[in-house]
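Reader: I have a new model open. Walk me through how to read it, feature by feature.

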Amino acid sequence: MQKTSVRKVYEDEIKPDRADEAIIQAGEILKKGGLVAFPTETVYGLGANALSADAAAKIYAAKGRPSDNPLIVHICCFEDIHAIVANVPRQARLLADAFWPGPLTMILQKSKIVPYETTGGMDTVAVRMPANRIALALIREGGGYIAAPSANTSGRPSPTEADHVYEDLNGKIPLILDGGEVGIGIESTIIDLTEQVPTILRPGFITQKMLSDVIGEVQTDPGMLAQDAKIKPKAPGMKYRHYAPRAEMILVEGTQEQVVKKISQLAEEMTAAGRQVGIIGTKETAGQYKQGVVFSIGSRQEEEEIAHNLYRILRSLDASGVDIIYAESFETPQIGQAIRNRLLKAAGHQVMQVK
Ligand code: TXA
Ligand code: MG
């Protein structure tokens, strides 16, 4: 066990030309091959020098992550992409102009300097420039190329607050930069630009429509939203049961009225059978559930708020000790897709359709 320090950093106080003392210390740790957790606009990341095989290996050990699951390399300015990507297609520049810094990750052909330990053995590399000043300053101080998966133990919900990181990684890493709650709350959209037709491998805040408005035709990986767990997603990380609470979870889909009725009925049966039931409802429905530990994830009218609350609520359900969770579903073409994708993972693809 090592001691894990937590240092508060305020994004508003970050100056572009002069890094804060805590960030300089964090940058030193990264340059020496160590690990630092830090906030981004999506979720907290667990950073290490992406160009060092040994440093990347430490990430897998701390998270308990399968070593075939590649890491995203974070950069702090577009031009830095040329060192780690073999050839940068025009689409990458267009997308960067439109969405970087921001919640978009691009898959591109890697250059020789990126070790296979970082890319999980693949010849491609995932690259992203995050929209958080703490993150950008840290990347600069840490040498410019920071591999960072979400800073959770593998299989747990991604962290949206420094406390979540501490819960999972206390004793395993030397430093957490605490920049408060993140803004978006779910991980970046991933687009693969090495395919004939650019392909979304993981949905997020940047939607298919936003991408195709910039580069034309964009398709989605059929494995991404498939209810059938046998259709394998292309991003290695998307195949694991992921973002998951400890309890069994079932996603219930249908009209709002049918869903409330079904979940209420299941909650009653399970409670009678002596099981502790958790329910993920919305502002519109939470009051209608009479049994179980009920969480309102936000209003259906504001899906960004739902995305923001999702992982915190999955963690709270764990802490509440329930052993079965029923969740309502979300599926608008905007961020609703990303929310449904994360709920499907959390539920290990258990979906109940009510008609
Ligand atoms: O918002 C985010 O992207 C956060 C923050 C910290 O930046 N990071 C994040 O990293 O979500 P992680 O490791 O939890 O998820 C990375 C995903 C995994 O599903 C992985 O399989 C996929 O990206 N990925 C990485 N490199 C890839 C590659 N070369 N080809 C296909 N998928 C790749
Ligand atoms: Mg992750």
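Reader: Start with pairing. Which strand do 4 bridges join to strand 13, and do the two run parallel or antiparallel?

Author: This is a predicted model, so read each feature as part of a prediction. Look for the bridges, then the direction. Strand 13 is joined by 4 bridges to strand 15, residues 324-328, and the two run parallel. For the register, take one pair: Ile-279 stands opposite Tyr-326 in strand 15.

Reader: Which strand pairs with strand 13 in the parallel sense over 4 bridges, besides that one?

Author: Strand 14, residues 293-296, pairs with strand 13 over 4 bridges, in the parallel sense. Here Gly-278 stands opposite Val-293.

Reader: How many residues of strand 13 are buried?

Author: Buried means under 20% relative accessible area. Strand 13 covers residues 277-281, and 5 of its 5 residues are buried. Now check the two faces. Val-277, Ile-279 and Gly-281 point one way. Gly-278 and Ile-280 point the other way, and they are buried too.

Reader: Now a whole sheet. In what order do the 11 strands of the open sheet lie?

Author: Read across the sheet, not along the chain. The order is 1-8-2-3-7-4-6-5-9-10-11, and the pairing is mixed. Strand 1 (5-8) and strand 11 (219-220) are the edges; each has a single partner strand, so one side of each lacks a neighbour in the sheet.

Reader: How does strand 1 pair with strand 8?

Author: Strand 8 spans residues 175-178 and pairs with strand 1 in the parallel sense over 4 bridges. Lys-8 stands opposite Asp-178 there.

Reader: Next, helices. Why do residues three or four places apart in an α-helix point the same way?

Author: An α-helix has 3.6 residues a turn, so residues at that spacing share a direction. Now take the case here. Helix 2 runs over residues 53-63, and its buried residues are Ala-55, Ala-56, Ile-59, Tyr-60, Ala-62 and Lys-63.

Reader: What do the buried residues of helix 2 pack against?

Author: Two strands and two helices appear in the list: strand 3 (45-49), strand 7 (146-147), helix 5 (116-119) and helix 7 (162-169). Then look just past the helix. Gly-64 follows helix 2, with a positive phi near 65 degrees.

Reader: Which residue has a positive phi although it is not a glycine?

Author: His-349, with phi at about 65 degrees. His-349 sits in the loop between helix 11 (335-346) and strand 16 (351-353).

Reader: Backbone again. Which peptide bond is cis?

Author: Check omega. The bond from Trp-100 to Pro-101 is cis, with omega near -10 degrees. Pro-101 lies in the loop between helix 4 (90-99) and strand 5 (104-109).

Reader: Now single residues. Is Thr-199 buried or exposed?

Author: Thr-199 has 1% relative accessibility, so it counts as buried. Thr-199 belongs to strand 10, residues 199-202. Then ask what touches it beyond its neighbours within four places in sequence. Its contacts include Ile-190, Asp-192, Thr-220 and Lys-234.

Reader: Where does Pro-203 lie?

Author: In the loop between strand 10 and helix 8 (208-215). A loop residue still needs its accessibility checked. Pro-203 is buried, at a relative accessible area of 5%. Beyond four places in sequence, its contacts include Glu-187, Met-224, Asn-341 and Arg-342.

Reader: And a charged residue? Is Arg-315 buried or exposed?

Author: Arg-315 is buried, with 5% relative accessible area. Arg-315 is placed in helix 10, residues 303-319. Outside its neighbours within four places, Arg-315 contacts residues including Asn-152, His-164, Glu-167 and Asp-168.

Reader: Finally, the whole protein. How many helices and strands does it have?

Author: 11 helices and 16 strands. The radius of gyration is 20 Å, close to the 20 Å that the globule rule gives for 355 residues, so the protein is as compact as a globular protein of that length. The C-alpha trace spans about 60 × 50 × 35 Å along the principal axes.

Reader: What share of the residues counts as buried?

Author: 57% of the 355 residues. For contacts, look at sequence separation. Among contacts with a separation of 6 or more, 69% come from residues 24 or more positions apart.

Reader: How many positive and negative side chains are there?

Author: There are 39 positive and 43 negative side chains. The centres of the two sets are 3 Å apart.

Key: Residues are numbered from 1 along each chain as its sequence is written. Chains are lettered from A and ligands numbered from 1 in the order in which they are written. This is a predicted model: local features need pLDDT of at least 70, side-chain atom pairs count only at pLDDT 80 or more; totals for chains, interfaces and linings use all residues. Side-chain values use heavy atoms; hydrogens and water are left out. The radius of gyration is taken over C-alpha atoms; the globule rule is 2.2 Å times the number of residues to the power 0.38. Buried means under 20% relative accessible area, exposed over 50%, partly exposed in between (1.4 Å probe, protein chains only). Contact means heavy atoms within 4.5 Å. Lys and Arg count as positive and Asp and Glu as negative; His and the chain ends are not counted. The place of a charge is taken as NZ of Lys, CZ of Arg, CG of Asp or CD of Glu. Two strands pair if DSSP finds at least two bridges between them.
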